[in-house]
Every structure is written in structure tokens, then in C-alpha cells.
Amino acid sequence: MDTLLNRFKEKVNNVITGFDRIVFKGIIRPIMHAAGMESFLAARRVLNKDFKSYAMAQSHKIVESAEDIAKQQSTGTITYIPSLNTRKETLAHKRQEENGVKEGLIGIWSCVESCHTFKSTFDATKEYPSLRAERSKCKHLYYYFDDPVYGFMSVRLQTWAPQNSTV
């Protein structure tokens with residue numbers, strides 16, 4: 001960085017250092033691979049072939065919970081965003097200004113985006129269905145908050161198993 005600053009010192013007026021943002025990624029490591037998810041399902045007496053229906057039920061519970069939070073703490077609904085290219089942060093700042101939100105939940109948005117998940121397929125060597133990792137698309141929820149101590153922040157939650165999240 002010193003070399004770059006020295007090289008362009010005539011064109012640089014000021015330098016700001018620090019974090020623009022800090023990103024925390026939340027994963028449940030044991031279920032991030034197929035064998036781990038199979039063990040997780042077995043402990044709940046869910047067959048591998050029933051992974052999709054299990055994941056759909058869990059996803060439905062997550063979305064219902066988000067809808068309840070939106071009703072209790074925000075605008076009352078989850079706002080659907082049709083394009084993953086839309087800047088969710090810009091929408092949140094706009095809503096915050098329009099609704100005069102000083103702190104707390106600003107709103108919840110949803111968007112269909114790429115995700116890591118699993119698919120149940122018949123495994124001829126095992127002679128029963130197994131899970132295999134795959135890329136797919138699923139609903140992601142974006143929660144935006146303004147905290148009096150930490151400031152503006154968001155949580156991104158994948159609603160489909162294995163529910164990766166970013167804070």
C-alpha cells in the first residue's frame with residue numbers, strides 16, 4: 001500500500017483506514033457435507049430419500065418465523081426482490097429514511113439466489129438413496145437493523161438446508 005500511495009501521492013488528498021464492514025459467516029460445520037447431513041437426518045429418523053420434504057418443512061418454518069418478526073417489529077411483511085442484482089442495502093437505507101427508523105429492525109427482504117445444498121439420489125453401491133452436494137437456488141432472507149452501538153447491519157439467511165448465514 002505504501003508503494004501505491006507514494007506512486008500517486010500528487011493525486012491522493014487523504015487516506016482513511018479501517019473496516020468498511022466486518023462479515024461473519026455462520027455454518028453448522030457437521031452438516032455442511034453429505035455424510036454429516038445424512039447423520040443429522042438419521043438422528044431425527046428422516047430417511048435420505050425424504051431429504052427434500054424435510055428441507056421444505058424446515059424452510060417453511062423459517063419463513064413463517066420471519067413473517068412473524070416482520071409483523072411484530074417492522075413493516076408487517078417480507079418484501080420480495082425479483083432480481084438478485086438489486087442492492088438490498090440501498091433498499092434498507094431508503095426504507096429506514098422513509099419510516100424514520102432510528103434503531104431496531106428496518107425490514108426483511110427475500111430473494112432467490114444460488115445456494116449450497118444436497119440432493120437425494122440412488123447409490124447403486126450402497127443400494128439405497130444417498131445425499132450428494134449440489135448447487136441450486138433457494139430463498140434467502142435479508143434482515144436489516146440499525147443498532148445503537150454497532151450501527152447499520154444485516155443478516156443474510158439461506159432458508160434451505162443447510163441454512164448458511166452471513167452477518
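**Cysteines.** I began with C138 and found that this residue counts as buried, at 6% relative accessibility. Since the model I am reading is a predicted one, I treat this and every value below as computed from predicted coordinates. I then asked which cysteine sulfur is nearest to that of C138, and how far away it lies. The nearest one belongs to C115, at 3.4 Å, and C138 is in no disulfide. The cut-off matters here: a pair of cysteine sulfur atoms must be within 2.5 Å to be called a disulfide, so the 3.4 Å between C138 and C115 does not qualify. By this rule I count zero disulfides. C111 is likewise in no disulfide, and the cysteine sulfur nearest to its own is that of C138, 10 Å away. I noted that C111 counts as buried too, with a relative accessibility of 1%.

**Q96.** Next I looked up where Q96 sits, and I found it in helix α4, which covers residues 88-99. Is Q96 buried or exposed? Its relative accessible area is 12%, and because buried means under 20%, Q96 is buried. I then listed its contacts, leaving aside neighbours within four places in sequence, and obtained V101, I106, D146 and F152.

**V12 and the surface patch.** I turned to V12, which I located in the loop between α1 (2-7) and β1 (25-26). With a relative accessible area of 33%, V12 is partly exposed. I also wanted to know which residues make the nonpolar surface patch. V12 takes part in it together with L4, F8 and V15, and the patch comes to about 310 Å².

**Whole chain.** I recorded four helices and six strands for the protein, and along the sequence they follow the pattern α-β-α-α-β-α-β-β-β-β. For the overall dimensions, I noted that the C-alpha atoms fill a box of roughly 70 × 45 × 30 Å along the principal axes. The radius of gyration is 21 Å, whereas a compact globule of 167 residues would have one near 15 Å.

I checked burial over the entire protein as well, and buried residues make up 32% of the 167 residues. The exposed area is about 11,400 Å², of which carbon and sulfur atoms supply 53%. Last, I looked at how far apart in sequence the contacting residues are: among contacts between residues at least 6 apart, 58% join residues at least 24 apart.

How values were computed: Residues are numbered from 1 along each chain as its sequence is written. This is a predicted model: local features need pLDDT of at least 70, side-chain atom pairs count only at pLDDT 80 or more; totals for chains, interfaces and linings use all residues. Side-chain values use heavy atoms; hydrogens and water are left out. Patches are made of residues with over 30% relative accessible area and no salt bridge: like charges are joined within 9 Å, nonpolar side chains (Val, Leu, Ile, Met, Phe, Trp, Tyr) within 5 Å. Accessible areas come from the Shrake-Rupley method with a 1.4 Å probe; for residues, only the protein chains shown count as cover. A salt bridge is a side-chain nitrogen of Lys or Arg within 4 Å of a carboxyl oxygen of Asp or Glu. Helices (H or I, at least four residues) and strands (E, at least two) are DSSP runs, numbered from the N terminus. Buried means under 20% relative accessible area, exposed over 50%, partly exposed in between (1.4 Å probe, protein chains only). Contact means heavy atoms within 4.5 Å. The radius of gyration is taken over C-alpha atoms; the globule rule is 2.2 Å times the number of residues to the power 0.38.
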